[in-house]
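Trainee: I would like to go through the labels used for this model and hear the reasoning behind each one.

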Amino acid sequence: GHRQPFTGVRARLNELMHHHQLRLNEALEALGDRPKSANDLLPVLFRRELDDNQIVFALGESLAHLRFLQHQGLAERVSGPGVDRYRATGGQVHLAPATEQAA
């Protein structure tokens, strides 16, 4: 929904999957073995200045990326005082291209 109407849903799905695969792997690289919070990843995932409203949405998206990585076994949550942080456990994200059935 962030662009003009389009045709070719499979191509658009693949474009989005590729974008998210790149961003997830950038997040993994940024995590390394030193635990980082969703807030720590904002400059990695969002390379522009964010206003107050955008920061709320960006934090949600950053946390969603971290939870996805955790679910895939590529990151682990490190609980401690204050904010949860995550660290990479190894590997990379590989998202499968959209198929005829998925489109």
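Mentor: Start with the word contact: two residues are in contact when they have heavy atoms within 4.5 Å of each other. Keep in mind that this is a predicted model.

Trainee: What is Phe-46 in contact with, leaving aside its neighbours within four places in sequence?

Mentor: With that exclusion, Phe-46 is in contact with Ala-58 and Glu-61. Phe-46 also belongs to the largest nonpolar core, which has 17 residues. Along with Leu-28, Leu-31, Leu-41, Leu-66, Leu-69 and Val-93, Phe-46 touches the most other members.

Trainee: Which helices supply at least two residues each to this core?

Mentor: Helices α1, α2 (42-45) and α3 (52-71) each do so. The largest share, 4 residues, comes from α1.

Trainee: What makes Ser-62 count as buried?

Mentor: Buried means under 20% relative accessible area. Ser-62 has a value of 0%, so Ser-62 is buried. This residue lies in helix α3. Leaving aside neighbours within four places in sequence, Ser-62 is in contact with Ala-38, Leu-41, Leu-42 and Leu-45.

Trainee: Why is Asp-40 called partly exposed?

Mentor: Partly exposed covers the range between the cut-off for buried, under 20%, and the one for exposed, over 50%. Asp-40 has a relative accessible area of 36%, and therefore Asp-40 is partly exposed. Asp-40 sits in the loop between α1 and α2. From C-alpha to C-alpha, Asp-40 and Ser-62 are 9.1 Å apart in space, with their positions 22 residues apart in sequence.

Trainee: Why does Leu-13 count as partly exposed?

Mentor: The relative accessibility of Leu-13 is 30%, so Leu-13 takes the label partly exposed. Leu-13 lies in helix α1. Leu-13 and Arg-67 are 54 residues apart in sequence, and their C-alpha atoms are 21 Å apart in space.

Trainee: What makes Ala-96 exposed?

Mentor: Exposed requires over 50%. Ala-96 has a relative accessible area of 52%, so Ala-96 is exposed. Its place is in the segment after β2. Ala-96 and Gln-21 are 75 residues apart in sequence, while the C-alpha to C-alpha distance is 9.6 Å.

Trainee: How many of the residues in the chain count as buried, as a percentage?

Mentor: Of its 103 residues, 24% count as buried. The chain exposes about 7,300 Å², of which carbon and sulfur atoms supply 53%.

Trainee: What is the order of helices and strands along the sequence?

Mentor: The chain has 3 helices and 2 strands, and they follow the pattern α-α-α-β-β. The C-alpha trace spans about 50 × 35 × 15 Å along its principal axes.

Trainee: What share of the contacts joins residues 24 or more positions apart?

Mentor: Such pairs account for 54% of the contacts with a separation of 6 or more.

Trainee: How many side chains are positive and how many are negative?

Mentor: There are 12 positive and 12 negative side chains, and the centres of the two sets lie 2 Å apart.

Trainee: How do you know what confidence the predictor gives the chain?

Mentor: By pLDDT, which is the predictor's confidence in each residue on a scale from 0 to 100. The chain averages 89, and 95% of the residues score at least 70. Among the elements, helix α1 (residues 9-31) has the lowest mean pLDDT, 92, and strand β2 (residues 85-88) the highest, 95.

How values were computed
Residues numbered from 1 in each chain as written. Predicted model: local features only at pLDDT ≥ 70, side-chain atom pairs only at ≥ 80, totals over all residues. Heavy atoms only, no water. Buried < 20%, exposed > 50% of the residue type's maximum accessible area, 1.4 Å probe, protein only. Areas by Shrake-Rupley, 256 points an atom, 1.4 Å probe, with all protein chains shown as cover. Lys, Arg positive; Asp, Glu negative; His and termini not counted. Charge placed at Lys NZ, Arg CZ, Asp CG, Glu CD. Core = buried A, V, L, I, M, F, W, Y, C linked by side-chain atoms within 4.5 Å.
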